[in-house]
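Could you walk me through how to read the strands, cores and unusual backbone angles in a protein model? I would like to take each feature in turn.

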Amino acid sequence: MLSSNVNKDFEVSQPPEDGISELSFSTQADFLAVSSWDNQVRIYEVQPNGSTVGKAMYNHEGPVLCCKWSKDGTKIASGSADKTAKLYDTATGQSQQIAQHDAPISCIQWVGEQNIVATGSWDKTVKYWDTRSPNPVGTVNLPERCYAMDATFPLMVVGTAERHVLVFNLNNPTTPYKTLTSPLKWQTRSISCFPNSSGYLVGSIEGRVGVQYVEDKDQGSNFSFKCHRENSNVYAVNAMSFHPVHGTFATTGSDGTINFWDKDSKQRLKAFSNVGGPISACTFNRNGSIFAYSVSYDWSKGHQHATPSNKNQIFLHAVKEDDVKPRTLAKKR
């Protein structure tokens, strides 16, 4: 019997035992990697009927804050509060350390060439690593602690404390292409690059998303909008994910709601909620037919609300084409 919630979404069996920090789907098959505050990275295989099978698990010495599949679907990179990043090889089932920082590694991305990983840390640096070598191949000093990062070659965008945003062209990875201040008034929580690398989304703790284009000629298209709000309450935009086919995107928040958006027509396409609690992470699978999201405490209300009774669940939502297709804009006569 497959368990599902009010949205008829399938629940992943044997989820992490503590807060869920990131979800990452393989680009090659329906394998889902999940990083957690219980020091583990888990890998699940999604079956055609929506059920899941646990395939593998490896551990860090501290909470795992981020994880990403390699482009070829053979490896997973993960970063931890233990100040290290690890590489897991699906063929051998072995993990090894590939990076070291002076503070927790909060963000990780595969960039450019097959073996290059970028790590963002609270030690106020981004470092680039060749996974075959123990020393960084490049280091960038940031103005503040790294809070969010995303990359779609050749674009990489890093959001730090104090609302700094650094835009990189990965063809020149150690020098920021632009250093900006977030258009949003409050702390950056999430960043997601456009699939075509022409811009990025920035989400904040106060229920707002900024749509930002990289080049100066496109600055007139920048805009921000409110979301994940209820009456006078505002909630963090914890995660954002672009649909791989249609270029529309999802946002998930501390309010336990999920929204699908079309940035070009500036419309919300679909809204639904999960009554279980804050939604800490989300991602689409490789063809956009599955949307995974995690219900998990996100620390938005402080440590006193981090109780053992908090749920840690992962749901798989079957995506309907009409919910993610861009809306055609009516032409002016």
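What follows is a short dialogue about this predicted model.

Q: Let's begin with annotations. Where does UniProt place the feature "repeat: WD"?
A: An annotation comes from a record, and it can be set beside what the coordinates show. Here the unreviewed UniProt entry places the feature at residues 57-98, 98-139 and 230-271. In the model, residues 98-139 are 0% helix and 60% strand, with the end C-alpha atoms 15 Å apart. Residues 230-271 are likewise 0% helix and 60% strand, and their end C-alpha atoms lie 13 Å apart.

Q: How should I read a hairpin, and how many residues lie between β24 and β25?
A: Look at the direction of the strands, the bridges that join them and the turn. β24 (237-242) and β25 (249-253) run antiparallel and are joined by 5 bridges. One bridge pairs phenylalanine 242 with phenylalanine 249 in β25. The hairpin has 6 residues between its strands, and glycine 247 in the turn has a positive phi of about 75 degrees.

Q: Which strand does β25 pair with through 4 bridges?
A: That strand is β26 (residues 257-262), which runs antiparallel to β25. Alanine 250 has phenylalanine 260 as its bridge partner in β26. This hairpin has 3 residues between the strands, and glycine 256 takes a positive phi near 80 degrees.

Q: Which residues of β25 point one way, and which the other?
A: In a regular strand, side chains alternate between the two faces of the sheet. In β25, Phe249, Thr251 and Gly253 point one way, while Ala250 and Thr252 point the other way. Both groups are buried, and the count for the strand is 5 of its 5 residues.

Q: Now a loop residue. Is histidine 243 buried or exposed?
A: Start with the location, then check the accessible area and the contacts. Histidine 243 sits in the loop between β24 and β25. It counts as buried because its relative accessible area is 3%, under the 20% cut-off. Its side chain reaches the backbone oxygen of glycine 288 at 3.1 Å. Beyond its neighbours within four places in sequence, histidine 243 is in contact with Thr248, Phe249, Phe284, Asn287, Gly288 and Val324.

Q: How do I read an open sheet, and what is the strand order in the one with 4 strands?
A: Follow the pairing from one edge to the other. The order is β1-β30-β29-β28, and the pairing is antiparallel. The edge strands, β1 (10-11) and β28 (279-284), each pair on one side only. Between β28 and β29 (residues 290-295) there are 5 bridges, and cysteine 282 has tyrosine 293 in β29 as its bridge partner.

Q: How many residues are in the largest nonpolar core, and which strand gives the most to it?
A: For a core, ask who belongs to it and where the members come from. The largest one has 16 residues, and those with the most contacts inside it are Val111, Val126, Tyr128, Met149, Met156 and Val158. At least two residues come from each of β11 (116-121), β12 (125-130), β14 (146-152), β15 (155-160) and β16 (164-169). β14 gives the most, with 3 residues. Another core lies apart from this one; it has 15 residues, among them Ala239, Ala250, Ile258 and Phe315.

Q: What is valine 126 in contact with, leaving aside its neighbours within four places in sequence?
A: Its contacts include Met149, Met156 and Val158. Also among them are Ala118, Thr119, Gly120, Gly138, Thr139, Val140 and Leu142.

Q: Which peptide bond is cis, with omega near 5 degrees?
A: Omega describes the peptide bond itself. The bond in question runs from phenylalanine 153 to proline 154. Proline 154 lies in the loop between β14 and β15.

Q: Last, positive phi outside glycine. Are histidine 228 and asparagine 231 buried or exposed?
A: Read the angle together with the surroundings. Histidine 228 has a positive phi of about 50 degrees although it is not a glycine. It is found in the loop between β21 (223-226) and β22 (229-230), and it is buried, with a relative accessible area of 3%. Asparagine 231, also not a glycine, has a positive phi of about 55 degrees. Asparagine 231 lies in the loop between β22 and β23 (233-234) and is exposed, with a relative accessible area of 78%.

Terms used
Residues are numbered from 1 along each chain as its sequence is written. This is a predicted model: local features need pLDDT of at least 70, side-chain atom pairs count only at pLDDT 80 or more; totals for chains, interfaces and linings use all residues. Side-chain values use heavy atoms; hydrogens and water are left out. Buried means under 20% relative accessible area, exposed over 50%, partly exposed in between (1.4 Å probe, protein chains only). A polar contact is a pair of N or O atoms within 3.5 Å; within protein, one must be able to donate a hydrogen and the other to accept it, and residues adjacent in sequence count only if both atoms are side-chain atoms. Contact means heavy atoms within 4.5 Å. UniProt positions are given in the numbering used here, feature names are shortened, and annotations may be inferred rather than shown by experiment. Two strands pair if DSSP finds at least two bridges between them. A nonpolar core is a set of buried Ala, Val, Leu, Ile, Met, Phe, Trp, Tyr and Cys residues joined through side-chain atoms within 4.5 Å.
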